[in-house]
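Biologist: Could you take a close look at one part of this model with me? I would like to go through its charged pairs.

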Amino acid sequence: MTYLSISLRTALLGAIFLLSACGGGGSNTGPTAPASTPTFSIGGGITSLGNASGLTLINNGSETLAIPANATAFTFVNQLATNATYNVTIGQQPPDLTCTISNATGTVQQAAILSIAVSCTQPVNTVRTFAGDDGVATGPGSGATLRLGQVSGIALDAEGNSYVTDASSNIRKISPSGVVTNWASGYTPSGQSLFSLHGLAVDNSGNVYVADSLGYSVGNAIRKISPSGAVATLAGGNGYGIADGSGTAQFNAPTGVALDNSGNVYVADSGNNSIRKITPSGVVSTLAGCGHSGFVDGTGNAVCFNNPTALTIDGVGNVYVADTNNHALRKLTPAGV
């Protein structure tokens, strides 16, 4: 009996020791999960891609990343662990660009790789279609899906949007990536006409000024269109003729407009063979022009043009005029010389 008691006690003590070693008698949380392996992003920067589309990048020959137009940076979706290697190559590139990569290969350490550099260049003298094709206008669209009609004027705003006069009575707005919308056309709710549009200009606030040469009584005007598309007549609209002043001013087939740094609008008044100036408040004066066709330099009304159609202005206010039928470029100082 004594021997059995000792054996039983020894067995019990062994069981208690084993239970204690295995965590018995307390909470059992199970085995500890292994620590997750950190991963890091692979990416970098892009220069000079512009609004071109079609660029793809490939990492390690398997993951393909499509790069949107106007992108300046990229990051692959799949991340890599420490000591993994990366090798970024170009899959496809826009047809009119040549793209190269630097810092394209390496080994991941303990940080994201964001030093890969993609640089795109356009070959010298390369021409590409930004929007439209050789068809006729069919409505809004993106890039070549919009078929533009008779484009006669173009201007850029501060954000890189293009405005074009198209098929006489439409103004199209084209984003930097080539998306085209029909921004203004025909008669507007306010009754202002947009029927024979030519040159445009855009101020720093996004207002668009356009020469409307419509020959009816409401035409021969310079229209001002707000960024929201509201159309107003800045000057003219009183039939064709030549008259300065405010409210009753007249033009004859205006075709070109330009803006100076003070917000004055200059007009190539083709039918009057004159260059006109409109203040921001709508007061019209004649900067230069003798009122009939000719080819004479000088000052003010002693100057003669022959169908001036377009103009532009430099930073100090000199006006440069395309004097069409004189086959000449003319320069006017702010004083009309």
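Which side chain does Arg330 meet in a salt bridge?

Modeller: Happy to help! This is a predicted model, so local features need pLDDT of at least 70 and side-chain atom pairs count only at pLDDT 80 or more, while totals for chains, interfaces and linings use all residues. Residues are numbered from 1 along each chain as its sequence is written, and side-chain values use heavy atoms, with hydrogens and water left out.

The partner of Arg330 is Asp297, with N to O at 2.7 Å; a salt bridge here is a side-chain nitrogen of Lys or Arg within 4 Å of a carboxyl oxygen of Asp or Glu. Arg330 sits in strand β26 (residues 328–332) and Asp297 in the loop between β23 (284–288) and β24 (308–313), so the pair ties together parts that are 33 residues apart in sequence. Strands are DSSP runs (E, at least two residues), numbered from the N terminus. Arg330 is buried at 7% relative accessible area, whereas Asp297 is exposed at 62%. Buried means under 20% relative accessible area and exposed over 50%, using a 1.4 Å probe and protein chains only.

The structure holds five salt bridges, and two others are good companions to look at. Asp269 pairs with Arg276, their closest N and O atoms being 2.7 Å apart. Asp269 is buried at 0%, and Arg276 is buried at 0% as well. Both belong to a salt-bridge network with Asp244. Asp212 and Arg223 form another salt bridge, at 3.2 Å from N to O. Here strand β17 (residues 208–212) supplies Asp212 and strand β18 (residues 221–225) supplies Arg223, eleven residues apart. Asp212 is buried at 0% and Arg223 at 1%.

Conventions
Helices (H or I, at least four residues) and strands (E, at least two) are DSSP runs, numbered from the N terminus.
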